[in-house]
Structures are given as structure tokens and as C-alpha cells.
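Here's a quick briefing for anyone about to open this model in a viewer. Have the chain loaded and colour it however you like.

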Amino acid sequence: MSKTSKTILLFLLLGVSLTAFAQVYRTDDFRERYTLKQVVVLSRHNIRSPLSGRRSTLQCITPHEWYQWSSAPSELSLRGGALETMMGQYFRKWLVSEGLMRENEIPTEGAMRFYANSLQRTIATAQYFSSGMLPVANVRIEHHCELGRMDSVFAPQITDDNEAFKALAQQQITAMGGEKGMLGIGERMTENYKVLERVLDMDQSKACLEGDTCHFRTDDAHVYLVKNREPGMGGSLRLACQAADALVLQYYEELDAVKAAFGHRLTWEDWVSISAIKDWYGDVLFTAPVVARQVARPLLRTMLEELQHNGRKFTFLCGHDSNIGSVLASLDAENYSLPETIEKKTPIGCKLVIERWEDTEGRSFVALNLVYQSTEQLRNMTLLDLENPPMVFPIHLKGLSSNADGLYPFDALVQRFLSVTSMTR
């Protein structure tokens with residue numbers, strides 16, 4: 001029995017899921033029948049400081065002082081850079097083991113591409129990742145706009161706000177709230193809001209004491225769709241999302257879990273509940289089918305070009321959670337909830353990885369996975385390698401049939417991309 005087979009058997013005997021080891025422990029039989037030919041990665045940036053400063057609205061809704069960040073608002077933190085380097089090192093080990101690249105490779109012109117949105121946190125994430133993956137190659141990170149300006153490829157913007165589109169978009173968004181519509185969207189977060197309010201000690205905040213905001217309301221959510229702007233939301237869900245985002249990032253950055261929760265002792269379920277506010281906010285704004293297809297189309301076209309680029313063996317595209325969420329919704333991915341992380345949809349630093357495999361007859365197949373560091377790996381800064389991998393979660397697409405090895409025909413995935421990118425709306 002091979003070492004790989006023994007490892008798999010050990011996991012099965014221990015009752016451990018093989019999901020998180022999909023990339024690492026491919027069977028010997030699989031490797032005899034398939035060769036890895038190309039990888040396209042769509043990444044979310046790693047840990048950043050909150051989008052707004054400490055003396056913003058966030059400070060008004062809690063009496064506590066927020067974490068003192070090592071970076072300016074919205075920029076990648078020192079921990080985020082270190083974690084992304086670790087992820088790059090893992091990809092190096094994995095790709096070398098599969099024969100797609102050599103150890104300490106210096107890529108030939110056009111063989112690899114690193115392209116990021118023109119924000120500090122995305123450029124820096126790509127740079128740290130490339131340093132881990134290609135430590136001696138001195139990779140240049142491609143970005144197309146002046147620093148701080150959103151690239152249209154990564155900007156999840158509305159491009160056509162005609163009345164027919166807005167009516168259909170509003171209908172699909174409202175349907176997320178069930179029979180109660182937009183009211184249902186807010187009410188879904190009722191219990192989550194209670195946890196967040198308790199952690200913030202919102203009833204003791206400046207906003208509450210001045211008679212402004214003591215609680216997050218469930219009846220004031222509203223969405224607006226404006227051409228050349230991201231889908232937007234007003235009301236308590238937006239404010240709660242900002243607070244939940246800052247608190248989750250603080251939990252990743254602050255080693256003392258009680259201090260990260262402003263003196264409260266939170267359970268795992270509490271952190272999941274807080275993070276769910278962010279997930280729900282993103283789902284409402286970016287995953288309604290007609291909205292997702294419109295905001296993701298430029299990025300989908302870029303991804304398709306990379307998949308069809310002759311001679312390209314590795315692509316790293318660095319953007320945001322809204323990019324991954326809208327791309328997966330556009331491709332009609334099945335619903336999922338990620339294990340071992342408090343962020344169940346698009347954890348910080350996560351990557352949508354498309355692997356193209358070729359069988360012995362020259363036929364191409366693909367696998368789609370979300371690769372991410374677990375919450376424990378993020379907080380403990382766990383070193384990653386083939387024996388201690390990140391989480392790897394398979395993504396399934398509705399309406400596409402996979403073979404016995406869980407792979408989709410490459411042409412079927414290309415057709416799925418074409419069907420989305422060629423739509424007029």
C-alpha cells in the first residue's frame with residue numbers, strides 16, 4: 001500500500017472528512033490517469049484593517065476602543081501579509097508535487113500571471129502570495145489603475161440600470177426575504193443582531209446615550225442599484241455589517257479572544273452568528289442571479305481568457321469577497337457552508353481555484369475548489385505544507401455532470417462561462 005493510500009485509510013479510520021485534503025491526497029491511481037496542466041486562482045485579499053477608521057461611526061456604537069491596527073484603514077495588516085506568504089508557500093509545495101512547476105522556478109514569459117485590483121490590500125496580497133510561491137522570481141504584480149482606484153474588472157458595478165433590469169433585480173432580491181420580502185431580509189438577522197449588540201455593549205454607546213441608535217432595526221433594509229456603482233444598501237443591515245466585519249477582523253488579529261470580544265467570552269457559535277451578518281449582507285447585494293451576472297461579467301471574461309490562454313499554466317487574480325460571491329452565483333454554484341471557519345461563504349484570504357487536468361487520452365477536465373485557512377489556522381498563524389494543508393472545499397455547479405473522479409469536462413465549464421458572459425443583461 002502506498003503512503004498516500006495509507007494516509008487516506010488512516011483518515012477514514014479516524015472518521016476525518018477527506019474534503020480538506022482533496023488537493024493534497026489525490027490517489028496514486030488518479031495521478032496515473034491525470035496530469036495537472038493549469039490552475040486559475042481568484043483570491044480574496046487577506047486580513048485587512050476595517051474599511052473605516054476608529055473614530056468613525058463604528059466608535060459611536062460601542063463604548064469600547066477598537067483594536068490598534070498595524071495598517072491604515074482598509075489596508076493589509078502585517079499578519080495578513082504573513083498568512084498570505086504561508087498560503088503561497090503551500091501552493092508552491094502543491095504545484096511542485098503535481099509537476100506543474102519546479103522548486104524555485106523562475107517562470108518563462110507568459111507562463112504565469114499575477115493581476116490584482118488597484119487597491120493596497122489586493123496588490124499587497126498578490127505580492128505576498130507570489131513571494132511564498134515564487135521566492136526567487138521577483139514577480140511583478142500587474143494592476144491597471146492608480147493606487148486606490150477600483151479596476152473595472154474587479155469593481156462589482158452595475159453597468160445597466162434600465163427599468164426592466166431594476167425591476168427583475170428587486171424582485172429577486174426581495175424573494176430572498178421570503179413571504180415578507182425586504183422585511184424578511186432584516187428579520188432573518190434578528191438573533192444575530194442580539195449577539196452583536198451584546199458584544200458591542202451597544203446600550204452603553206455614545207449613539208445610544210444621545211438617543212440615536214441603541215439597537216439594529218430589522219425593518220429598514222433597502223437596496224439601491226445605480227449605474228457605474230456597486231449595489232448598495234441602506235438601513236441597519238449595512239451598519240451591522242460594518243460592525244460585524246470590524247469585529248471578525250479584530251478576532252483574527254487579536255490573540256486574546258476575550259479582549260477581541262470587548263471582554264465577553266464568546267462561543268464558536270457566537271462568532272459564526274456575528275460573521276453571518278456579513279455573509280447575508282453580501283448575499284443580498286451580490287448573489288441575486290441577474291445582479292451577479294452583471295457585476296461579475298468583466299471578471300468572468302478575464303477568467304475565461306486565462307483558462308483558454310495557450311501556454312498559461314498559472315493565473316492569480318486578486319480581488320474581494322464580492323468578486324468570489326458574484327462569480328460563484330453567476331456560474332450557478334450549489335449552495336454551501338464552509339467547515340472550520342466562522343465565515344461560511346468567502347473567508348478572508350480564500351481562493352476559488354480552478355484546476356485543469358488532462359487524462360491519458362488528451363481530454364481536459366476541471367475541478368473547482370475553495371481553498372482557505374481555517375479560523376484556527378488564521379488565529380494561530382499555522383504553517384502550511386502538504387502534511388498540514390489549508391482547507392479545500394469542492395464547489396459543485398448545478399446542471400453539470402461530473403465523472404467518477406469528481407471532474408467536469410473542460411468544455412462544459414467553458415460553455416457555462418460563455419453562457420453567462422454573452423448575455424445582454
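What follows is a tour of helix packing, a few buried side chains and some loop residues. Keep in mind that this is a predicted model. Three helix pairs get a close look: H4 with H5, H13 with H14, and H8 with H12. After those come Arg113, which sits in strand E2, and Gln377, which sits in helix H15.

**H4 against H5**

- Helix H4 covers residues 78-97 and helix H5 covers residues 120-133; their axes come within 6 Å and cross at roughly 40 degrees.
- An angle between 35 and 65 degrees falls in the oblique class, so H4 and H5 are oblique to each other.
- The handedness of this H4 and H5 crossing is right-handed.
- On the H4 side, the contact uses Gly81, Glu84, Thr85, Met87, Gly88, Gln89, Phe91, Arg92 and Leu95, and H5 answers with Thr125, Tyr128, Phe129, Gly132 and Met133.
- Sorted by class, the contact of H4 with H5 holds six nonpolar, six polar and two charged residues.

**H8 and what it packs on**

- Helix H8 runs over residues 190-200, and its buried residues are Asn192, Tyr193, Val195, Leu196, Glu197, Val199 and Leu200.
- Those buried residues of H8 pack against three helices: H7 (182-187), H10 (236-253) and H12 (268-286).
- Taking the last of these partners, the axes of H8 and H12 come within 9 Å and cross at roughly 110 degrees.
- That angle makes H8 roughly perpendicular to H12, because the perpendicular class spans 65 to 115 degrees.
- From H8 the contact draws on Glu191, Asn192, Tyr193, Val195, Leu196, Arg198 and Val199, while H12 supplies Asp270, Ser273, Ile274, Ala276 and Ile277.
- By class, the H8 contact with H12 comes to seven nonpolar, two polar and three charged residues.
- Just after H8 ends, Asp201 has a positive phi of about 50 degrees.

**H13 against H14**

- The axes of helix H13 (residues 289-307) and helix H14 (residues 321-330) come within 8 Å, with a crossing of roughly 95 degrees.
- H13 and H14 are therefore roughly perpendicular to each other.
- Ala292, Arg293, Val295, Ala296, Leu299, Leu300 and Met303 are the H13 residues involved, and they meet Asn323, Ser326, Val327, Ala329 and Ser330 of H14.
- The class tally for the contact of H13 with H14 is eight nonpolar, three polar and one charged.

**Two buried side chains to click on**

- Arg113 belongs to strand E2, which spans residues 112-116.
- With a relative accessible area of 15%, Arg113 is buried, since the cut-off for buried is under 20%.
- The side chains of Arg113 and Glu142 are joined by a polar contact of 2.7 Å.
- Setting aside neighbours within four places in sequence, Arg113 is in contact with Glu142, His144, Thr302, Glu306, Arg312, Phe314, Thr315 and Phe316.
- Gln377 is part of helix H15, residues 375-380.
- At 11% relative accessibility, Gln377 also counts as buried.
- Not counting residues up to four places away in sequence, Gln377 touches Leu83, Tyr372, Thr382, Leu384, Pro389, Pro390 and Met391.

**Loops: backbone angles and exposure**

- Asn228, in the loop between strand E3 (222-224) and strand E4 (232-234), has phi near 70 degrees, a positive value in a residue other than glycine.
- Glu340 lies in the loop between H14 and strand E6 (351-359), and its phi is positive too, near 65 degrees.
- The relative accessible area of Glu340 is 48%, so Glu340 is partly exposed.
- Gly399 lies in the loop between strand E8 (391-394) and strand E9 (408-409), and at 79% relative accessibility it counts as exposed.
- Gly399 and Arg416 are 17 residues apart in sequence, with their C-alpha atoms 9.7 Å apart in space.
- Glu146 lies in the loop between H5 and helix H6 (163-175), and a relative accessible area of 58% makes Glu146 exposed.
- From Glu146 to Gly186 is 40 residues along the chain, and their C-alpha atoms are separated by 37 Å.

Definitions and conventions
Residues are numbered from 1 along each chain as its sequence is written. This is a predicted model: local features need pLDDT of at least 70, side-chain atom pairs count only at pLDDT 80 or more; totals for chains, interfaces and linings use all residues. Side-chain values use heavy atoms; hydrogens and water are left out. Helices (H or I, at least four residues) and strands (E, at least two) are DSSP runs, numbered from the N terminus. Buried means under 20% relative accessible area, exposed over 50%, partly exposed in between (1.4 Å probe, protein chains only). A polar contact is a pair of N or O atoms within 3.5 Å; within protein, one must be able to donate a hydrogen and the other to accept it, and residues adjacent in sequence count only if both atoms are side-chain atoms. Contact means heavy atoms within 4.5 Å. Axes are lines fitted to C-alpha atoms, for helices over the stretch in contact, and angles run from 0 to 180 degrees between N-to-C directions. Angles under 35 degrees count as roughly parallel, over 145 as roughly antiparallel, 65 to 115 as roughly perpendicular and the rest as oblique. A crossing is left-handed if the near helix is turned anticlockwise from the far one by less than a right angle, and right-handed if clockwise. Ala, Val, Leu, Ile, Met, Phe, Trp, Tyr, Cys and Pro count as nonpolar, Asp, Glu, Lys and Arg as charged, and the others, Gly among them, as polar.
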